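Subject: Structure handover

Hello,

Here is the structure we talked about, with my notes underneath. Please read them with the structure open.

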Amino acid sequence: MPDPGAPAGAAEPLRGVGVSPGLAAGPVAQVRPPAGEPPAGPAVAEEQAEAEAGRIAAAAEAVRGALEQAATTVEGERRELLETTAQMAADPTLVKSASALVREEHLPAPRAVWLAAGKVAEQLGALGGYMAERARDVADVRNRIIAELTGQPMPGVPQRAEPFVLVATDLAPADTALLDPALVRAIVTAEGGPTSHTAILARSLGIPAVVGLAGAPAALPEGELVLVDGGAGTVELSPDPERVRRAEERSAVVRTFDGHGRTADGHEVALLANVGDPDGARSAAEAGAQGVGLFRTEFCFLDRTEEPGVDEQAEQYRRVLEQFPGKKVVVRTLDAGADKPLPFVTDAEEANPALGVRGLRTARKAPEVLENQLAAIARAAEATSADVWVMAPMVATVAETEEFVAACERHGLGTAGVMVEVPSAALLAGPILARASFASIGTNDLTQYAMAADRLLGSLAELSDPWQPAVLRLVESTCLGGAQQSRPVGVCGEAAADPALAVVLVGLGISSLSMTPRALADVAAVLAATDLATCRRLARAAVDAESAADARARVREGLPVLADLGL
């Protein structure tokens, strides 16, 4: 759909998938690409092989040190991403394999690292899910070690004194973790989807972002002035100066959330935060969140070979709950499996982990892990005044719901609900919510399973879009089931952070939206400018659309407030 604000004769903007709303203009700065595949020769002399092999360990150590140092400059998920990449650089497997190639085949160190990393990445890719995602980290570490060995500039985000629009084929997790919102005005990538690292971190930092824009680096040359609309998913080359001025004015406005979510006519919509650890809870409370709609408890379990004890879990959960006295905190039980394998509850040999034993299903193999976690949650709840709700991930049947609710009741946890991530749960929402106290829709996985599209696969970004009408119909089905049983239905997936989509969700019957704290003010502002009747009308238009692009366009056309707010 042509932009009505564009001057006559202006070229059509380039289109991708908008994943972080906002308008921003600036000159293009492209990510420094890796040097590429090193040459095979000349062969290393026998007497020099040991010294050449030693260079690999030294380079890997230098990369590890630089990443760990960088991790100390950021917090939360950004720090975790950098520390994960640093651990990959410190992994002796890659260094040993590459060193052996130098000693035995007399390959130059850069070539040996390239080949050894390729084998590691291939092995991880074959495992699928979370391990396949780690293959991206291996490639990043490989490129950094090779740059260290060859004396070339490190690949990644360029260092500039003036603000810019960052353009790349894709961003490595370590690159996204170091983005400075004061300098990076917007992000455009050729790959990635709505739930990629780039998208999630862009939203958390408030940086407008468009992903899945085919051929982005070639289409957006270095230094070219562009205008990025992270809500509409467009990039305009050589924009009109007046449009740039208006975009800059709008982006300069700082919005805050008053802690009261509602539509223009006073319909209450609880605006909550997604948190993953005590630091995240503190940030959410400071942002004015009305509570927590998704407390991810995995931080207690990841990178461990045995489950943490009840005492340790209870203490960590208490640190989160105490940030929200008198407010709702929805605790999700362990969501292991697929992209978060844990040796004590999941099977590393599963052929398709995303469709395997994950979420609540892990209780079949290790019921004591769920029982211990519920005991810890109950203990933490007793120690604080938070209104604690508990929900299980990956519920697919009425029987699973009954079993989970009964388990919660055994521990004195009276408000037990389910996550709706599987289409069967959306279609069975009525009978499921006859047993459960509430439902919370995880739009990331619901989209993945409804569209049969791996949400980590950039080439399927157009399918991994919560604007897909099929996904919206499943949301509608869940809300109808909730209304039938007088049970609340919320959304805690990334879709809740999209101000335009938030209007649709409220119109479908969603009573609470949980998101990254950074998005609270924008979502609140759009809802406060839109009455419930308009929410319902636009929701109908989106559900009746035939494509995600059509649904998004219909809704944005009916929400002029988005342009007024620069969203």
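The strands β9-β10-β11-β12-β13-β14-β15-β16 form a closed barrel of 8 strands, paired in parallel. From one strand to the next, the twist averages 30°. Please keep in mind that this is a predicted model.

The barrel closes between β9 and β16, which pair in the parallel sense through 4 bridges. In that pairing, A270 has S512 of β16 as its bridge partner. β9 is also joined to strand β10 (residues 291-296), again parallel, by 3 bridges. There V275 is matched with F295 of β10. Of the 6 residues of β9, 5 are buried, so the strand is mostly covered.

Further round, strand β14 (residues 439-441) and strand β15 (residues 489-491) run parallel and are joined by 3 bridges. I441 has V491 of β15 as its bridge partner.

Two helices on the sheet are worth a look. Helix α20 (residues 520-528) packs on it and touches β9 (270-275) and β16 (512-515), with a direction about 160° from that of β9. Helix α14 (residues 398-410) lies across β12 (387-392) and β13 (416-420), and runs at about 145° to β13.

α14 also packs against helix α13 (residues 367-382), at an angle of about 45° and with the axes 9 Å apart. The two helices, α13 and α14, are therefore oblique to each other, since an angle of that kind falls outside the ranges for roughly parallel (under 35 degrees), roughly perpendicular (65 to 115) and roughly antiparallel (over 145). Their crossing is right-handed. On the α13 side the contact is made by L370, E371 and L374, and on the α14 side by F404, A407, C408 and R410.

L374 and F404 turn up again in the largest nonpolar core, which has 99 residues. Along with L271, V504, I510, L513 and M515, they touch the most other members of that core. Leaving out residues up to four places away in sequence, L374 touches T333, V390, F404, A407, C408, H411 and L413. There is also a second, separate core of 35 residues, and among its members are L67, L94, A112 and V138. As general background, nonpolar side chains in soluble globular proteins tend to be buried together.

A further helix pair is α19 (residues 499-508) with α21 (residues 532-543): their axes come within 7 Å and cross at roughly 100°. α19 and α21 are therefore roughly perpendicular to each other. From α19, the residues in this contact are V503, V504, V506, G507 and L508. They meet L532, C535, R536, L538, A539, A542 and V543 of α21.

Outside the barrel, strand β7 (residues 225-229) has a partner on each of two pairings. Strand β3 (residues 23-30) is joined to β7 by 5 bridges, and the two run antiparallel. Here A24 is paired with V228 of β7. β7 also pairs with strand β8 (residues 234-237), in the antiparallel sense, over 4 bridges. V228 appears once more in this second pairing, with V235 of β8 as its bridge partner. The hairpin of β7 and β8 has 4 residues between the strands, and in it G233 takes a positive phi near 80°. Because 4 of the 5 residues of β7 are buried, this strand is largely enclosed by the rest of the structure.

Two single residues to finish. Is R203, in helix α7 (residues 197-205), buried or exposed? R203 has a relative accessible area of 7%, and the limit for buried is under 20%, so R203 counts as buried. Apart from neighbours within four places in sequence, R203 is in contact with V19, S20, P194, E494, A497, T516 and R518.

The other residue is T447, in helix α17 (residues 443-451). T447 is buried too, at a relative accessible area of 3%. With neighbours within four places in sequence left aside, its contacts are A452, L463, S464, D465, P466 and V471. T447 and V17 are 430 residues apart in sequence, and their C-alpha atoms are 15 Å apart in space.

Regards

How values were computed:
Residues are numbered from 1 along each chain as its sequence is written. This is a predicted model: local features need pLDDT of at least 70, side-chain atom pairs count only at pLDDT 80 or more; totals for chains, interfaces and linings use all residues. Side-chain values use heavy atoms; hydrogens and water are left out. Buried means under 20% relative accessible area, exposed over 50%, partly exposed in between (1.4 Å probe, protein chains only). Two strands pair if DSSP finds at least two bridges between them. Axes are lines fitted to C-alpha atoms, for helices over the stretch in contact, and angles run from 0 to 180 degrees between N-to-C directions. Contact means heavy atoms within 4.5 Å. A nonpolar core is a set of buried Ala, Val, Leu, Ile, Met, Phe, Trp, Tyr and Cys residues joined through side-chain atoms within 4.5 Å. A crossing is left-handed if the near helix is turned anticlockwise from the far one by less than a right angle, and right-handed if clockwise.
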